[in-house]
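Trainee: Could you take me through one part of this model up close? I'd like to look at a single strand and what surrounds it, and then see how that fits into the rest.

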Amino acid sequence: MNSSTTAQKNTEPRVVLRAEGVWKSYDDGAISVLKGVAFEVIEGQTVALCGPSGCGKSTLLHLFGGLDFPEQGRVSVNGAEVNRHRNLLHLLRHEVGFVFQLHNLIPDLTLEENCLIPTVAAGIDRRTAQTRIHLLVERTGLTHRLGHRIQKLSGGERQRTALCRALMNRPKILLADEPTGSLDEHASGAVFDLLLEIVATEGVTLVMATHDRGLAARCDRLLEMHDGRIHEPVSA
Amino acid sequence: MIFLKLIVTNLLRHRVRSLISVAGIAFSVAAMLTVVTILQGAIGMFSGILSSDSEIIVFERNVSDLFFSNVPAAALEEISSWPTVAHADPVLFGVVSSSDHPIITCFGVTAADARIRKAVWIAGDKLAFGQHSDDVVLGERAAEFLGAKIDDHVPIGHGIFHVIGILKTANGFEDGGVFMPLNSAQGFFHKEGTSSVITIKLRNKDDAALFKTMVGEKFTNLIGLEDAEFTRSYSQFKILKATAWAVGGCGLLLGGFGVANTMIMSVFTRIREIAILRVNGFSGLQIAVMIFGESAVVSLAGAVLGLVTGSGLLYALKLVPALHGYVDVTLQPVVMLIVILLALITGIAGALYPAAYAMRIRAVEALRFE
């Protein structure tokens with residue numbers, strides 16, 4: 001292999017997420033959700049998954065996060081198949097971060113404590129965690145809210161907190177399931193702006209399930225899901 | 001720190017439920033502490049009667065209760081003559097009743113017995129003991145409940161006795177008991193020529209093993225035990241101790257069910273939260289440690305509260321005049337430690353199922369059903 005070929009290889013976009021002929025159903029096969037889904041996401045891309053409720057967007061995100069497994073086909077993250085033999089704790093602690101429609105924060109804890117949860121799980125030292133959290137709350141404009149309990153935060157602030165928590169352990173892939181779905185239009189736009197800004201700054205690959213076509217249009221790719229399959233529009 | 005806060009936060013969320021669980025453990029611990037301490041005290045006092053100025057007790061082998069033991073006078077005579085023995089004191093135990101008190105412990109002793117010689121005499125002359133067959137010496141509390149004073153004649157059992165002295169002693173059994181001359185007691189209880197035990201004072205304590213061997217060789221139906229050995233091996237004490245721990249254990253078991261109920265509810269009401277922790281990288285083990293941590297906090301809080309409550313209860317019992325001298329309320333560190341450990345084990349056992357359930361929670365299912 002000559003040097004020009006090696007250089008070409010190094011500059012080739014790296015596939016970080018891959019689904020190959022993925023099938024998934026619920027209720028013992030009564031409800032088929034995914035019917036041979038196949039697609040790839042390359043590093044640093046922002047990808048929107050659009051489609052009606054129940055079309056399998058969340059299921060797909062769960063499969064990439066190792067929360068569930070396909071019945072047929074393969075799902076890979078960073079080149080390694082996600083199955084029961086994989087170190088799923090490492091996947092959740094270091095490789096992917098999740099943001100949900102509902103913020104899913106622990107209401108009795110402060111913003112800071114909620115954000116520290118992934119670092120506690122991963123055994124990251126306190127000083128490193130503190131440095132990271134201060135950077136993230138500064139970027140998300142939440143520094144003044146650091147010691148506040150979740151009940152005291154607005155919906156937008158809660159969702160931004162959830163974003164901080166998801167990025168605490170520096171995952172390179174962010175799986176967002178309707179991240180702005182519970183917010184009003186104004187807050188939704190602001191949180192999404194922030195989300196795009198942070199994933200760009202941090203070099204994070206984003207896969208987002210959403211109903212909001214306006215937001216989806218701002219992603220690098222838009223994947224339409226219906227009838228258990230993915231249909232990528234010619235232009236996003 | 002966050003981990004600890006996750007543990008405490010959930011308990012604080014459901015304060016009433018947590019407090020009920022703590023109270024359950026606390027009452028169990030208090031009950032166990034009280035019962036065990038009172039019985040340990042009673043055993044200690046009974047042992048104290050036997051070990052008064054002596055190191056070894058000789059009694060009938062395999063007897064279930066010292067009240068049924070018969071040691072012949074011939075054995076006493078021979079043992080007293082052994083060179084290793086400083087003095088050998090026969091004691092005959094009996095139970096008598098008076099009109100208001102169905103059980104009064106009666107001690108048949110000689111005038112040379114340490115209980116008579118070394119006791120504090122409130123009234124009467126110790127030199128007068130044993131001169132007449134109907135003479136008795138009363139413990140201070142026995143004199144109180146019999147309403148007797150020096151020179152009175154009191155009905156005890158089926159006889160009338162002349163009170164020639166009143167003793168003051170810290171031992172509840174002795175303080176509430178009646179001392180008779182040995183011969184009188186033998187006649188009164190129809191046990192002529194025998195005693196229940198012989199308490200032995202050795203010239204040299206190092207001869208204890210030799211003495212016990214000699215007793216075994218000379219008298220096949222008798223056994224000699226050092227005081228500590230006796231306390232450990234006497235079947236009545238073992239039964240009492242086992243009963244105390246069993247009663248306390250049942251209490252703790254109930255407390256454990258309370259903790260189990262609390263922990264099950266704790267897990268069921270926050271399945272989603274546990275799912276979120278899993279999504280954020282918590283392992284099943286970390287979730288289990290969190291659940292066990294909660295139950296440990298409940299158990300320890302219950303144990304501490306129970307120790308305080310139990311100590312208070314014991315102190316209150318000590319102040320009851322009728323129980324004066326019967327209850328030794330000194331808390332033994334080993335008992336406290338065992339009670340705390342049992343409470344902790346109970347709490348952890350109560351959290352076993354909830355922790356196992358929490359470990360099995362699948363994040364994806366909890367997230368799907370919002």
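Mentor: Let's start with one strand of chain B and work outwards from there.

Keep in mind that this is a predicted model. For chain B the mean pLDDT is 86, and 96% of the residues reach 70 or more. For the complex, the predictor reports an ipTM of 0.87 and a pTM of 0.73. Where pLDDT is low, predicted coordinates shouldn't be read in detail.

The strand I'd pick is E9 of chain B, residues 178-181. Which way do its side chains point? B:Val178 and B:Met180 go one way, B:Phe179 and B:Pro181 go the other way, and all of them are buried. That is the pattern to look for in general, because side chains in a regular strand alternate between the two faces of the sheet.

Now look at what E9(B) pairs with. Strand E4 of chain B, residues 104-109, runs parallel to E9(B), and the pairing covers four bridges. To find your place there, put B:Met180 in the centre of your view: B:Gly108 stands opposite it. Strand E6 of chain B, residues 135-139, pairs with E9(B) too, but in the antiparallel sense and over two bridges. Here the residue to find is B:Leu138, which stands opposite B:Val178. So B:Val178 and B:Met180, which point one way from the strand, each give you a landmark: B:Leu138 for B:Val178, and B:Gly108 for B:Met180. Both kinds of pairing are covered by the general rule that strands of a sheet pair through backbone hydrogen bonds, either parallel or antiparallel.

While you're in this part of the chain, check two loops. One lies between helix H5 (140-146) and strand E7 (153-156) of chain B, and B:Asp151 sits in it. B:Asp151 isn't a glycine, yet its phi is positive, at about 75°. The other loop runs between helix H7 (182-188) and strand E10 (194-195) of chain B, and that's where you'll find B:His190. B:His190 also has a positive phi without being a glycine, this time about 55°. Are these two residues buried or exposed? B:Asp151 is exposed, with 10 other C-beta atoms within 10 Å. B:His190 is exposed as well, with 7 other C-beta atoms within 10 Å. Set that beside E9(B), where B:Val178, B:Phe179, B:Met180 and B:Pro181 are all buried.

Zoom out to the whole of chain B. The chain is divided into domain 1 (2-46 + 237-368) and domain 2 (62-220). The C-alpha centres of those two domains lie 46 Å apart. Chain B has 15 helices and 12 strands. Its radius of gyration is 29 Å, well over the 21 Å that the globule rule gives for 370 residues, so chain B is more spread out than a compact globule. Along the principal axes, the C-alpha atoms of chain B fill a box of roughly 95 × 50 × 30 Å. Buried residues make up 42% of the 370. Among the contacts in chain B with a separation of 6 or more, 81% join residues 24 or more positions apart.

Chain A makes a useful second stop. It has eight helices and 10 strands. Its radius of gyration is 18 Å, which agrees with the value near 18 Å for a compact globule of 236 residues. Its C-alpha box is roughly 50 × 50 × 35 Å along the principal axes, and 47% of its residues count as buried.

Chain A also has an open sheet of four strands, with antiparallel pairing and the order E2-E1-E4-E5. Strand E2 (31-42) and strand E5 (80-81) of chain A stand at the edges with a single partner strand each, so one side of each is left without a neighbour in the sheet. Strand E1 of chain A, residues 15-26, pairs with E2(A) in the antiparallel sense over nine bridges. A handy marker for that pairing is A:Val22, whose bridge partner in E2(A) is A:Val37.

Last, the place where the chains meet. The contact takes 20 residues from chain A and 17 residues from chain B. On the chain A side, helix H3 (88-95) and helix H4 (111-122) each supply at least two residues. H4(A) gives the most to that side, with seven residues. By type, the chain A side divides into 13 nonpolar, two polar and five charged residues.

Definitions and conventions: Residues are numbered from 1 along each chain as its sequence is written. Chains are lettered from A and ligands numbered from 1 in the order in which they are written. This is a predicted model: local features need pLDDT of at least 70, side-chain atom pairs count only at pLDDT 80 or more; totals for chains, interfaces and linings use all residues. Two residues are in contact if their C-beta atoms, placed from the backbone, lie within 7 Å. Ala, Val, Leu, Ile, Met, Phe, Trp, Tyr, Cys and Pro count as nonpolar, Asp, Glu, Lys and Arg as charged, and the others, Gly among them, as polar. The radius of gyration is taken over C-alpha atoms; the globule rule is 2.2 Å times the number of residues to the power 0.38. A residue is buried if 20 or more other C-beta atoms lie within 10 Å of its own, exposed if 12 or fewer, and partly exposed in between; C-beta atoms are placed from the backbone. pLDDT is the predictor's confidence in each residue, from 0 to 100. Two strands pair if DSSP finds at least two bridges between them. Domain bounds come from an automatic or database domain assignment.
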